[in-house]
Amino acid sequence: MSAPPAYTEFHPRWYRAPVRTLWWLRRRSYFVFILRELSSVFVAWFVVFLLLLAHAVGRGDREYQRFLRWADDPWVIAINVIALLFVVFHALTWFNLTPKAMVVRLRGTRVPPLGLTAPIYLIWAAVSALVAWLVLGG
Amino acid sequence: MTKRPIEPYLWLLFSAGGVLAAVFFPVLIFLFGVAFPLGWIGAPAQHHLLAVLRNPLTVAVLFVVCVLALFHWAHRFRYTLYDGLQIKHLNALINLICYGGAIVGSVIAGLVLFQI
């Protein structure tokens, strides 16, 4: 390590193979990847829906009934059915990825993937049950 | 892509929001978006939901879930536009819409939830 490495000041542009805009239509796994990414749009939609609901509840029964009628519109139901499918897709892919993204060690040995996903699914079920219990009247 | 020191924090918000959305949203969308409108289950009365929404713990949890879910959307949607549509040259605009949208949404969430 004596002289600093010499750099060429003007190098030619690196060659990069051009990627087609619709590259994700070319293979099933690519398409599924883009669908998974698009689930985020429905996550954002549901935040808006939830805030509209909370706002209506806070303003009294008349506003709440108006919100329920709006949510009863076939278009809104259709969006929510699609949103439900996408959010469940997001949840399943997210939970199943966890053991790949996180390595948990217990007393020096790696916890097997199922040792991580099983508790996550249990927590998911418990939270869902708790939320339903709270919403439906305890 | 340029190197930005804020990037790891955005990934952190993305992950946290991903977990909370995955845990909380399926049951909530099922109930309020599908089961109540289709009449599978009767919708709860307004005074009951109001009582639930006035509990400080509910407010705190809902606020955190909303904010992190919005940042989850911002980050993921930004990369969807990046990769899916190959529009990297609109970088600044995409960032403004995504993260700006998440910030505005968070403020609205705070205004709605803390004033019930």
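# A tour of chains A and B

Begin by selecting A:Asp61, which is partly exposed because 13 other C-beta atoms lie within 10 Å; by the definition used throughout, a residue is buried if 20 or more other C-beta atoms lie within 10 Å of its own, exposed if 12 or fewer, and partly exposed in between, with C-beta atoms placed from the backbone. What you are viewing is a predicted model, in which local features need pLDDT of at least 70 and side-chain atom pairs count only at pLDDT 80 or more, while totals for chains, interfaces and linings use all residues. To find each stop, note that residues are numbered from 1 along each chain as its sequence is written, and that chains are lettered from A and ligands numbered from 1 in the order in which they are written.

A:Asp61 lies in helix α2 of chain A, where helices (H or I, at least four residues) and strands (E, at least two) are DSSP runs numbered from the N terminus. If you also select A:Leu22, you will see a residue that is 39 positions from A:Asp61 in sequence and 48 Å away in space, C-alpha to C-alpha.

**Chain A as a whole**

Now show chain A alone, which has four helices and two strands, and trace its sequence to follow the pattern α-α-α-β-β-α. Of its 138 residues, 18% count as buried.

Select α1(A) next: for its 31 residues, at 1.5 Å a residue, a span of 45 Å is expected, and this agrees with its end C-alpha atoms, which are 45 Å apart; the expected span is 1.5 Å times one less than the number of residues. Following α1(A) you will meet A:Gly60, whose phi is positive, near 115 degrees.

Colour chain A by its domains, with domain 1 covering 1–101 and domain 2 covering 102–138; these bounds come from an automatic or database domain assignment. Five residues of domain 1 of chain A are in contact with seven residues of domain 2 of chain A, a contact being two residues whose C-beta atoms, placed from the backbone, lie within 7 Å. On the side of domain 1 that touches domain 2, the residues divide into three nonpolar, two polar and no charged; here Ala, Val, Leu, Ile, Met, Phe, Trp, Tyr, Cys and Pro count as nonpolar, Asp, Glu, Lys and Arg as charged, and the others, Gly among them, as polar.

Then move to A:Arg107, in the loop between β1 (105–106) and β2 (109–110) of chain A. A:Arg107 is exposed because 4 other C-beta atoms lie within 10 Å, and its phi is near 50 degrees, a positive value in a residue other than glycine. Most residues other than glycine have a negative phi.

Further along, A:Ala129 is found in helix α4 of chain A and counts as exposed, since it has 11 C-beta neighbours inside 10 Å. Its C-alpha atom is separated by 23 Å from that of A:Ala71, and the two residues are 58 residues apart along the chain.

**Where the chains meet**

Bring chain B back into view. Here 45 residues of chain A are in contact with 44 residues of chain B. On the side of chain A that touches chain B, α1 (28–58), α2 (61–71), α3 (74–101) and α4 (113–136) of chain A each supply at least two residues. Among these, α1(A) gives the most, with 17 residues, and by class this side of chain A has 34 nonpolar, eight polar and three charged residues.

Next, select the largest nonpolar core, which has 51 residues; such a core is a set of buried Ala, Val, Leu, Ile, Met, Phe, Trp, Tyr and Cys residues joined through C-beta atoms within 7 Å. Its largest share, 14 residues, comes from α1(B). Among the residues with the most contacts inside this core are A:Val43, A:Phe46, B:Ile29 and B:Ala69. Leaving aside its neighbours within four places in sequence, B:Ala69 is in contact with A:Val43, A:Val47, B:Gly17, B:Leu20 and B:Ala21. In soluble globular proteins, nonpolar side chains tend to be buried together.

**Ending in chain B**

Finally, select B:Tyr79 in helix α3 (residues 56–85) of chain B, a partly exposed residue because it has 14 other C-beta atoms within 10 Å. The C-alpha atom of B:Tyr79 is separated by 9.9 Å from that of B:Asn95, 16 residues away along the chain.

If you colour chain B by pLDDT, the predictor's confidence in each residue from 0 to 100, its mean is 93, and 97% of its residues reach 70 or more. The model scores ipTM 0.92 and pTM 0.88.
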